[in-house]
Amino acid sequence: MNNIPMFNPSPQKGVSIFFSFMVMTLLLSIALGLSSIFLTQVKISRDIGYSVVAFYAADTGIEQILMQRSGPISSCTKISPCFLDNGAEYFTVVKTPGLDCNASNYCITSIGVYKETRRAIEVDF
């Protein structure tokens, strides 16, 4: 007689490997989903900070024009914007009353730019 054991396949063999593979797949998909959500939130938070800096750069442009006593003259244009110490820049456009400006004196538009985020302020006086 042969003492070699016979291979008797059982339907239960390999179930634990399949079950552990499914659990790991589920955990991986949950981890990837959560990391995607967290990365999106970090990007949004960063962009909000950039937006605030760009807004205050635009506000600086308005304040610079309003401080001129001889009449508003825009020295910071799209062609040559003014740069701030924090890396932001702004440019202003001054319009006299007419078709594009319904103000009694001037319309001032200032656009602040910081890391590709733009915010604009328009003042009519």
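This report describes a long-helix and sheet arrangement in a predicted model.

**The helix**

Helix 1 covers residues 15-66, and its 52 residues reach 77 Å from the first C-alpha to the last, which is close to the 76 Å expected at 1.5 Å a residue. Within helix 1, the buried residues are Tyr50, Ser51, Ala54, Ala57, Ala58, Gly61, Ile62 and Ile65. These buried residues pack against three strands, namely strand 2 (89-95), strand 3 (107-114) and strand 4 (117-124).

A nonpolar patch on the surface is formed by Leu26, Ile30, Leu34, Ile37 and Phe38, which together have about 500 Å² of accessible area. Phe38 belongs to helix 1, and this residue counts as exposed because its relative accessible area of 54% lies above the 50% cut-off.

**Salt bridges on the helix**

The structure holds 2 salt bridges, and Lys43, Arg46 and Asp47 are linked by them in a network. Lys43 and Asp47 both lie in helix 1, where they are 4 residues apart, or about one turn of the helix. An α-helix has 3.6 residues a turn, so residues three or four places apart point the same way. The side chains of Lys43 and Asp47 meet at 3.1 Å, N to O, while those of Asp47 and Arg46 meet at 3.8 Å, N to O. The table gives the accessibility of the residues in this network.

| Residue | Relative accessible area | Class |
|---|---|---|
| Lys43 | 46% | partly exposed |
| Arg46 | 40% | partly exposed |
| Asp47 | 27% | partly exposed |

Lys43, at 46%, is partly exposed because this value falls between the 20% limit for buried residues and the 50% limit for exposed ones.

**The sheet**

The sheet is open and is formed by 4 strands in the order 1-2-3-4, with antiparallel pairing. Strand 1 (82-83) and strand 4 stand at the edges and each has a single partner strand, so one side of each is left without a neighbour in the sheet. Strands of a sheet pair through backbone hydrogen bonds, either parallel or antiparallel.

Strand 3 and strand 4 run antiparallel and are joined by 8 bridges. Among the paired residues, Ile108 has Val123 in strand 4 as its bridge partner, and Thr109 has Glu122 in strand 4. Strand 3 and strand 4 also form a hairpin with 2 residues between them, and Lys115 in the turn has a positive phi of about 50°.

Strand 4 thus appears in several parts of this description: it stands at an edge of the sheet, it is joined to strand 3, and buried residues of helix 1 pack against it.

Terms used:
Residues numbered from 1 in each chain as written. Predicted model: local features only at pLDDT ≥ 70, side-chain atom pairs only at ≥ 80, totals over all residues. Heavy atoms only, no water. Expected span 1.5 Å × (residues − 1). Buried < 20%, exposed > 50% of the residue type's maximum accessible area, 1.4 Å probe, protein only. Contact = heavy atoms within 4.5 Å. Patch = residues over 30% accessible without salt bridge, like charges linked within 9 Å, V, L, I, M, F, W, Y side chains within 5 Å. Areas by Shrake-Rupley, 256 points an atom, 1.4 Å probe, with all protein chains shown as cover. Salt bridge = Lys/Arg side-chain N within 4 Å of Asp/Glu carboxyl O. Pairing = 2+ DSSP bridges.
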